[in-house]
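The exercises below concern the structure shown next. Please look at the sequence and the model before attempting each task.

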Amino acid sequence: MLLLFTCSVAAFGIDEYAGSPAAQKIYKAGKEALDSGDTAKAIVDYEKAIKLDPNYAAPYEDLLFLRTLQASKSVADLSMHTTKAQQDQMKEKSDAIKDSYQKQYEALAKKYPNNPIYLFALSRLYYEDDPMRQEELCKQALKVDKDFMPAYDCLSAVASLAGDYPLAADYYRHVVDAHPDDPDVASKYNYFLRDDPEKYKKAVYEMVARFPTSSEAASALYGYAFSQQDTLAQQGVLEEMITRFPPAKFSTSKDAAEELFFDYDQTDPAKAMALAHEMIKQFPKDKTWPDYAAYTDAMADAEQKLSSGQAAQAAALLSTVKLDSLGRLFDKTRFLVLQSRALAAEDKVGEAYSTMFTFVASQPTDKAQAALFEYGTKLGKTEAQVQDELWKARSSAAMPEHPFTLTNLETGQKVSLSDYRGRVVILDFFFPNCGPCRGSYPYLQKLHNQFSSQGVALLAVNGVEGQASFVVPMFKKLNLDFTPLEGGEKFCSDVYHVRGFPTTLLIGADGRIYFATEVKLKDGSVYMKPHPWLPQQARTVALEIEALLRAPDHKN
């Protein structure tokens, strides 16, 4: 049963919404419970905090999300493997919870018209599917109390949806001035400076200097690392991060160490090995790092054996490596290149070629392609012949197109996929309020800049109807020249089986989908596996586009 909050305060000030000490203590306990995976306790604590201090804004921000999360967990495991029926059931439960909160908050806002907290609570119901309504409610809250800081936070978030980071920063500056010693506030403010690299860098490092033991400062540095579009630049910031903020003490640094490990594996294997063994010392009970260390040790041992002429022993050692234990970030390139070298050294060039061919056909990387062409030459194949074989394999694995006609959000005109027959199409699914989507935009824009002169089109499909009005302003502010299309949740999920955003697909000149991973579930439903966007993966997508441009039936 949802709680009904019925307290009102007559006079307000800047700190009236920061929570009483007792409410803050309970809210903190709720956050800790959430971090440990106990959603039910977090909800209880958040509701207790609101009951103690109904004007405490922070618990309202996440309460709806947590209640929805709790309901969803009762239906499925929340992985990408939930069935369509489970997805529908989760939406039904989510809508019911939202409706219940809406009725409560509307009644309270009407009963206490001089209290902005209930207008703010209402605004939280619309943060994803109707940001314009959210903005309207937060402006109403400021009319009630011009010092109501959560409303400035809200308006900055809405401004950032439209890509107007300077306006977002202006709004959020009110919060910074009211809470100059709050590292969480400083971290959020830094985000709105991201379109100005120098200001952003300066703000991040000033925050790190001011709050050297703060988890928020660690997170700010982590975010700054992934604003870098170059692998080595990212590595440099991540290295600094795990030095300043030891992974054993900061969970974000533990994530950074893992990201760094996989980067090192491709660029500096000795560093990957050293990092894995160091993390075992810091996390003696962790099961992940021993697997990473075992992999790096086996690779180094195999390299040594291969260099000393023990190819068979190297191949045997590599056959014992458990790749499945290395996680979603693992790139098989280095492993498969070494494995193929061992096979070739045993005069099994055909097997070496086959090993690399299977990988390159589905996921081309520079090193893997170079190895494939090398073994192809040894087998008497020209590069053109290898490319022809690759195309046949890719063509046989391609998936049929899903024709569509959608509205161009900029021009209002109808756009059909068939309009682009004969051209390569990058089909990206996103929505404005999607953080990972925003991280993908610079990579997508670089690809578009690189290939648009060769006729490659980039169609960006918005997946949340309520955010459609933010798409074009956001694209203009961020200087994105994609073609923005209105798709909506049903189109994305039912037609293209999109479960997570961003999901990026490549469509060849023949209209078919290439290089995509389609996951089939037990109930017969399918979904497209989302694509990670990091510098190395972006290079792989570039190679995939180049392969489609070389296709025999490509007209441009």
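Four exercises with worked solutions follow.

The model is predicted: local features need pLDDT of at least 70, side-chain atom pairs count only at pLDDT 80 or more, and totals for chains, interfaces and linings use all residues. Residues are numbered from 1 along each chain as its sequence is written, and side-chain values use heavy atoms, with hydrogens and water left out.

**Exercise 1. Helix α21**

Task: Compare the expected span of helix α21 with the distance between its end C-alpha atoms, and state where the helix bends.

Solution. Step one: helices (H or I, at least four residues) and strands (E, at least two) are DSSP runs, numbered from the N terminus. Step two: the expected span of a helix is 1.5 Å times one less than its number of residues. For the 17 residues of α21 (residues 435-451) this gives 24 Å, and the end C-alpha atoms are 25 Å apart, which agrees. Step three: a bend at a residue is the angle between axes fitted to the seven residues ending there and the seven starting there. In α21 this angle is about 35° at Y441, and the proline P442 follows within four residues. Step four: Y441 is also one of the buried residues of α21, where buried means under 20% relative accessible area, exposed over 50%, and partly exposed in between (1.4 Å probe, protein chains only).

**Exercise 2. A salt bridge between two helices**

Task: Determine which parts of the chain the salt bridge of E239 and K271 ties together.

Solution. Step one: a salt bridge is a side-chain nitrogen of Lys or Arg within 4 Å of a carboxyl oxygen of Asp or Glu. A search of the whole structure finds 26 salt bridges. Step two: the side chains of E239 and K271 meet in one, at 3.7 Å, N to O. Step three: E239 belongs to helix α12 (residues 231-244) and K271 to helix α14 (residues 269-282), so the pair ties together parts that are 32 residues apart in sequence. Step four: E239 is partly exposed at 24% relative accessible area, and K271 is partly exposed at 39%.

**Exercise 3. A salt bridge within one helix, and another between loops**

Task: Locate the salt bridges of K378 with E374 and of E401 with R421.

Solution. Step one: K378 and E374 meet at 3.6 Å, N to O. Both lie in helix α19 (residues 366-378), 4 residues apart, about one turn of the helix. An α-helix has 3.6 residues a turn, so residues three or four places apart point the same way. Step two: K378 is exposed at 52%, whereas E374 is partly exposed at 41%. Step three: the side chains of E401 and R421 meet at 2.7 Å, N to O. E401 lies in the loop between α20 (383-397) and β1 (405-408), and R421 in the loop between β2 (414-416) and β3 (425-430), so this pair ties together parts that are 20 residues apart in sequence.

**Exercise 4. Backbone features**

Task: Find where P502, N479 and F515 lie, and describe the backbone there.

Solution. Step one: most residues other than glycine have a negative phi, and most peptide bonds are trans. Step two: a cis peptide bond joins F501 and P502, with omega about -5°. P502 is in the loop between α23 (489-495) and β6 (503-507). Step three: N479 has a positive phi, near 60°, and is in the loop between α22 (468-477) and β5 (483-486). Its relative accessible area is 62%, so N479 is exposed. Step four: F515, in the loop between β7 (513-514) and β8 (518-520), has a positive phi of about 60°.
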